[in-house]
Amino acid sequence: MQVVWLRSSLALRDLQAFIQHTVVYCKMDPKLQKTKNSSSNSANSPDSTHSLFPFPDEVLERVLSFLHSHKDRSSVSLVCKDWYDAERWTRTKLFIGNCYSVSPEIVARRFPRIKSVTLKGKPRFSDFNLVPQHWGADVHSWLVVFAKVYPFLEELRLKRMTLNDESLKFLATSFPGFKALSLLSCEGFSTDGLKAIATHCKNLTELDIQENGMDDLGGGWLSCFSENCSSLEVLNFASLNSEVSFDALEKLVRRCKSLRILKVNKSITLDQLQQLLVLAPQLIELGTGSFQQELTPLQYEGLGIAFSNCKNLQTLSGFWEDTSLHLPVLYSACPSLTFLNLSYATLRSGELAKIVAHSPNIRRLWVLDTVGDKGLEAVGSSCPFLEELRVFPADPFEQDLHHGVTEAGFLAVSRGCRKLHYVLYFCRQMTNAAVATIVQNCPDFTHFRLCIMNPGERDYLTNEPMDEAFGAVVKTCTNLRRLALSGLLTDLTFEYIGKYAKNLEALSVAFAGSSDRGMQCVLQGCPKLRKLEIRDCPFGNAALLSGIEKYETMRSLWMSACNVTMSACKLLAKEMPRLNVEVMRDEGSDESQADKVYIYRTVAGSRRDAPPFVVTL
Amino acid sequence: MAYENDMNLKATELRLGLPGTIDESQIKEPSFLKSNNKRSSGDMDNSANEDECSPVPKAQVVGWPPVRSYRKNVLQQQKKNFDSDVLGMYVKVSMDGAPYLRKIDIKVYKNYPDLLVALENMFKFSIGVYSEREGYNGSEYAPTYEDKDGDWMLVGDVPWDMFVNSCKRLRIMKGSEVKGLGCL
């Protein structure tokens, strides 16, 4: 038997080549077929393993421990039983994109050595109030199982999950080595839960609280960190409003020499920020507090110096409210910035122009549409390396056409920033011609999310539907993975998508399409589609059922305010037992209408915790 | 193509409601949504709407534009703050014994001393010295304010910014009631 020692610094590409070569080798060997088909006959495995794979299990496990991507690991686990076993023993990071696709018990059985868990819960449209309260995605049942099976759990990252303070307290007290907690778009908890985390997690390295529907009962939680706590590397409480004890914060920052990400909230003033920067010049990411404060010339100078001493700063965010007064203090930090998040700052074009003029290395930029087309022109001329642009609406419900950005701003960016591949753009008018030009300038789009804010809006110059715009996008951008549509769209858009968007994984549709054909084109034409969310479109039963074979290859389908009926949903549920077909009805609507449908693949069967308004068929 | 027949279909449309009324709670709907049973009432004809009173805001569709609640709330709060910055924060001021009330813009002042001097000038009286322990000592007047919860509070206890954001009206108390405060 040969033993091959692999260097731990093996390059990933070499590793992948090695594994692929071995996979091919295994697949070509007729003996492999027996191993794959035999059930749990472990008596056979030692001999067949060694003839198939000339390395002992330990080597395979060591090799596999270099694999981090869960997609790669999934592929590896499908090679043969022994690789499945080796993979499950070496997996330490768990990623579950839909918490109802699997149960905590199943996960615990398969993976014995998990240290880090990422869990996502509610459908994405819950961010926009389309999912009623108390829908589910409670993390508690997961925590209970984890406490038994993974007592050494270190990281928990939750997105769109529900959790209450009891769960946070349970988390804080059940896992002695717990290090990192990240909560994004979650709800149901309050700052009392954070108190438990700060108090009990002695080795905390990360506390990242972002945009949650939580109750802010006060800033006392920050003072709960013990005086011995010096391990923090990430602290983000930007979205909490209550005042925290600056004294406690200052001492914490002083102790935590490894702090690299600090995002404070609005209660922190500019001179307090300056003191923090002096204590932590090693910061890589900074979220400022309130930028509104009258500074004396000395304070102003001190702040500028503090910023210039942060040589590693790559990301800046925060800037709550009207911040134009003191922006120049940032200029010294701008040249090293790669990500600038100004999406809560109501800046005008001139102010943005000055900032981007100092930030030539920006890769990602988030702004409010108050910067206008002129501000975006400045971006186009100052940021040649820009890869991602997000323009959010300052006034999403105002009908005033004179505010915000138009196709001109987007065009200007596309002319100057040829590496642009991710865009999220809220605007009030657009033309097919502009989009066609934009994608010609930037053919590498992987994420194209265009939101023309008035539903069903036409090309304002030609009065035509916006079909040709999205047609141009899918024809030109062959790497497109995520697409969000808007404007007046007929089935033609969907024909284009089905025909050209062969790498599309996520599609978001609202107020679009003319008939079932639209949805059918997408379901039949997009082989890599994983997530489809549809609202207010004239797609009905024929469309829904045309995807009957496809839904098991996808993570989920959401359809609301379309023309789907209960009978079609029941049929789908009957034919496809490994899908959960869940229906929520609106108040006062017809018994036969399926107002909101959420369909997802699962190995866990129907939800046991579904509230009464969720009917699983 | 369906969307070109917008105008004609409206004329023969059957819907609930008195003839000639327009259900303003429905949004402007592209015609391709007509097939959806729930939306059959109240489609608005675009041109007719523009002739009417234009300030009527279009009703909001749930969850559209797709902006997360957190961001919506932050922006709304910022707008409120901006409005009061621009439009001023006028509150009524009453003085015990005075025949009529006054109004002042508290956003104009930067701190408590500025505000109190202005009140003294307006009503021609003098306020005592503030201390945390005893309130306003040395005069028979004390400035109070009604906060968001409807309670009457002594001016000066909370940070200035917090006061500005929670003050609904001012009242300058006089006489024996004032002495009572000093005993608290």
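Here are legends for several close-up views of a predicted model.

**View 1. Chain A as a whole, to get your bearings.** Chain A has 617 residues, and 57% of them count as buried. Its backbone is made up of 22 helices and 23 strands, plus whatever links them. Look at contacts in chain A between residues at least 6 apart in sequence, and you'll find that 69% join residues at least 24 apart.

**View 2. Helices α14 and α15 of chain A, side by side.** Here α14 (residues 349–357) packs against α15 (residues 372–382), both in chain A, with the axes 8 Å apart. The angle between them is about 10°, so α14(A) counts as roughly parallel to α15(A). On the α14(A) side, the contact uses S349(A), L352(A), A353(A), V356(A) and A357(A). Facing them from α15(A) are K374(A), G375(A), A378(A), V379(A) and S382(A). Sort the residues of this contact by character and you get six nonpolar, three polar and one charged.

**View 3. Another helix pair in chain A, α19 with α20.** Helix α19 (residues 491–500) and helix α20 (residues 516–525) of chain A pack at an angle of about 5°, and their axes are 8 Å apart. That angle makes α19(A) roughly parallel to α20(A). From α19(A), the residues that meet the other helix are D491(A), F494(A), E495(A), I497(A) and G498(A). Their counterparts in α20(A) are R517(A), G518(A), C521(A), V522(A) and G525(A). The residues of this contact split into four nonpolar, three polar and three charged.

**View 4. Helix α17 of chain A and what it packs against.** Helix α17 covers residues 432–441 of chain A, and its buried residues are N432(A), A434(A), V435(A), I438(A), V439(A) and N441(A). These buried residues pack against two helices, α16 (407–416) and α18 (467–476), and against strand β16 (447–452), in chain A too.

**View 5. Aromatic rings in chain A.** Over all chains, the structure holds 28 aromatic pairs. One of them joins W142(A) and F146(A): the pair is tilted, with 5.9 Å centre to centre and 55° between the planes. Both residues sit in helix α8 (residues 140–149) of chain A, four residues apart, or about one turn of the helix. W142(A) is buried, at a relative accessible area of 3%, and F146(A) is buried too, at 0%. A further tilted pair is Y598(A) with Y600(A), at 5.1 Å centre to centre and 45° between the planes. Both of these tyrosines are buried. Ring pairs also link Y598(A) and Y600(A) with Y100(A), F125(A), F128(A), W135(A) and W558(A) into a cluster.

**View 6. Two alanines of chain A with a positive phi.** Most residues other than glycine have a negative phi. A137(A) has a phi near 60°, which is a positive value. Find A137(A) in the loop between β2 (116–120) and α8 of chain A, where this alanine is buried, with a relative accessible area of 0%. A561(A) has a positive phi as well, of about 55°. Look for A561(A) in the loop between β20 (556–560) and α22 (566–575) of chain A. At a relative accessible area of 14%, A561(A) counts as buried because the cut-off is under 20%.

**View 7. An open sheet in chain B.** Five strands of chain B line up in the order β2-β1-β7-β5-β6, with mixed pairing. The edges are β2 (102–105) and β6 (152–154) of chain B, each of which pairs on one side only. From one strand to the next, the twist averages 35°. Helix α4 (residues 112–123) of chain B lies across β1, β2, β5 (141–146) and β7 (169–174) of that chain, and runs at about 155° to β2(B).

**View 8. The β1–β2 hairpin of chain B.** Strand β1 (residues 90–95) of chain B pairs with β2(B) in the antiparallel sense, over four bridges. K92(B) has K103(B) as its bridge partner in β2(B), while V93(B) has R102(B). Six residues lie between the two strands of the hairpin, and in the turn G97(B) has a positive phi of about 95°.

**View 9. A cis peptide bond in chain B.** Most peptide bonds are trans. The one from W64(B) to P65(B) is cis, with omega near -5°. P65(B) is in the loop between α2 (46–51) and α3 (69–87) of chain B.

Note on methods: Residues numbered from 1 in each chain as written. Chains lettered and ligands numbered in written order. Predicted model: local features only at pLDDT ≥ 70, side-chain atom pairs only at ≥ 80, totals over all residues. Heavy atoms only, no water. Axes fitted to C-alpha atoms, helices over the stretch in contact; angles between N-to-C directions. Parallel < 35°, antiparallel > 145°, perpendicular 65-115°, else oblique. Contact = heavy atoms within 4.5 Å. Nonpolar A, V, L, I, M, F, W, Y, C, P; charged D, E, K, R; others polar. Pairing = 2+ DSSP bridges. Phe/Tyr/Trp six-rings, centres within 6.5 Å; stacked < 30°, edge-to-face > 60°. Buried < 20%, exposed > 50% of the residue type's maximum accessible area, 1.4 Å probe, protein only.
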